[in-house]
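User: I am new to this structure and would like a close look at one part of it, the place where protein and DNA meet. Please explain the terms as you go.

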2 protein chains.
Amino acid sequence: MLRALSEAGFSDTRARRAVVHALCDAQTGATPADLLARGRSVHAGLGQVTVYRTLEILEQLGLVRKLHQDDGCSSYAASSTGHAHHVICRTCHAAVEFEGCSIDNVLRQVSARTGYSVDSHFLELFGLCPSCRRKK
Amino acid sequence: MLRALSEAGFSDTRARRAVVHALCDAQTGATPADLLARGRSVHAGLGQVTVYRTLEILEQLGLVRKLHQDDGCSSYAASSTGHAHHVICRTCHAAVEFEGCSIDNVLRQVSARTGYSVDSHFLELFGLCPSCRRKK
DNA sequence: TTACTTGCAAAAACTTTGCAGGCGC
DNA sequence: GCGCCTGCAAAGTTTTTGCAAGTAA
């Protein structure tokens with residue numbers, strides 16, 4: 001992730017490393033406030049504004065994805081690259097990325113029925129992660 | 001939609017009718033501010049707070065769904081009932097509901113790979129509506 | 001009448017912007 | 001050294017809360 005940043009022409013700074021670290025450290029979606037707290041354990045002077053600005057960059061590069069959850073859409077999760085989705089645990093919020101969403105059939109169906117030309121999509125799954133399932 | 005509200009035990013009030021009307025009137029996702037403006041053409045005294053409160057109720061009843069768009073997650077679209085998704089025009093934002101998302105194969109795949117038990121999902125498609133397509 | 005609703009005002013939460021100083025390269 | 005970055009403070013936005021008055025049933 002840091003590498004991708006510098007390859008895209010962004011400086012390798014202490015603040016950005018802290019945010020990236022916080023994102024990778026969290027196995028769950030994290031809000032800007034979460035990331036600030038986590039990031040400060042690495043770089044005490046980190047500011048909230050920088051978290052926002054770094055997230056903006058990472059999101060544009062596709063390295064981070066905003067999650068849509070019931071309690072709001074303000075958490076972010078690392079996304080290895082390009083097209084991918086997340087499956088989120090409704091108990092502990094652990095977010096795991098997955099690829100290979102073969103929903104072409106749905107796209108075709110919807111195109112045919114609605115007349116829209118569909119060119120992208122957003123998919124998110126919710127359920128229980130293995131560990132939370134065990135605890136039930 | 002009004003019927004469903006009263007069946008769920010909520011009063012049939014002028015303010016709620018205005019919000020519901022505004023929601024159905026808009027063929028696109030509408031933000032709380034949009035709904036206030038539209039709703040006021042029906043009930044001039046409508047307040048923003050009531051819009052929020054009504055949306056909350058409608059959302060819980062599954063009559064309205066929050067959309068997840070690039071520019072934020074603060075617009076809502078009417079949803080006839082239960083499980084359904086939207087396909088949204090990236091130009092004019094027209095939102096059309098569709099059912100029949102046969103993504104069971106994806107769910108199974110993800111379950112198998114990640115060990116999560118998946119019990120719900122969120123899917124949204126983006127593209128161009130017939131009318132915007134013609135204008136290109 | 002009685003309880004549910006409403007809208008205002010204010011508070012709180014969240015995000016963006018401006019800018020002087022700091023740091024990567 | 002130059003120009004990108006940062007963090008503070010402040011401004012803007014959006015959403016929530018408290019409460020007295022209003023309205024549906």
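Analyst: Read from its start, chain A runs through the pattern α-α-α-α-β-β-β-β-α-β-α. That gives chain A six helices and five strands, where helices (H or I, at least four residues) and strands (E, at least two) are DSSP runs numbered from the N terminus. The C-alpha atoms of chain A fill a box of roughly 55 × 45 × 25 Å along the principal axes.

This is a predicted model, in which local features need pLDDT of at least 70 and side-chain atom pairs count only at pLDDT 80 or more, while totals for chains, interfaces and linings use all residues. Residues are numbered from 1 along each chain as its sequence is written, chains are lettered from A and ligands numbered from 1 in the order in which they are written, and side-chain values use heavy atoms, with hydrogens and water left out.

DNA strand D comes first here. There are 17 residues around DNA strand D, and Thr13(A), His43(A), Thr50(A), Arg53(A) and Tyr52(B) come nearest; a residue is near a strand if one of its heavy atoms lies within 4 Å of it. Sugar or phosphate holds 72% of the atoms of DNA strand D within 4 Å of the protein, and bases hold the rest. By class, this surface has seven nonpolar, seven polar and three charged residues. In that division Ala, Val, Leu, Ile, Met, Phe, Trp, Tyr, Cys and Pro count as nonpolar, Asp, Glu, Lys and Arg as charged, and the others, Gly among them, as polar.

At least two residues of the surface near DNA strand D come from each of helix H2 (14-25) of chain A, helix H4 (48-60) of chain A and helix H4 (48-60) of chain B. H4(A) gives the largest share, three residues.

Some polar contacts can be picked out, a polar contact being a pair of N or O atoms within 3.5 Å; within protein, one must be able to donate a hydrogen and the other to accept it, and residues adjacent in sequence count only if both atoms are side-chain atoms. Thr13(A) has a polar side-chain atom 2.7 Å from a phosphate oxygen of DNA strand D. For Gly47(A), a polar backbone atom is 3.3 Å from a phosphate oxygen of DNA strand D. Arg16(A) places a polar side-chain atom 3.2 Å from a sugar or linking oxygen of DNA strand D.

Next is DNA strand C. It is surrounded by 19 residues, the closest being Tyr52(A), Thr13(B), His43(B), Thr50(B) and Arg53(B). Of the atoms of DNA strand C within 4 Å of the protein, 70% belong to sugar and phosphate. H4 of chain A, H2 of chain B and H4 of chain B each supply at least two residues of this surface, which divides into seven nonpolar, eight polar and four charged residues.

Phosphate oxygens of DNA strand C lie 2.4 Å from a side-chain N or O atom of Tyr52(A) and 2.9 Å from a side-chain N or O atom of His43(B). A polar side-chain atom of Arg16(B) is 3.1 Å from a sugar or linking oxygen of DNA strand C.

Finally, the two protein chains also touch each other. Their contact (heavy atoms within 4.5 Å) takes 41 residues from chain B and 41 residues from chain A.
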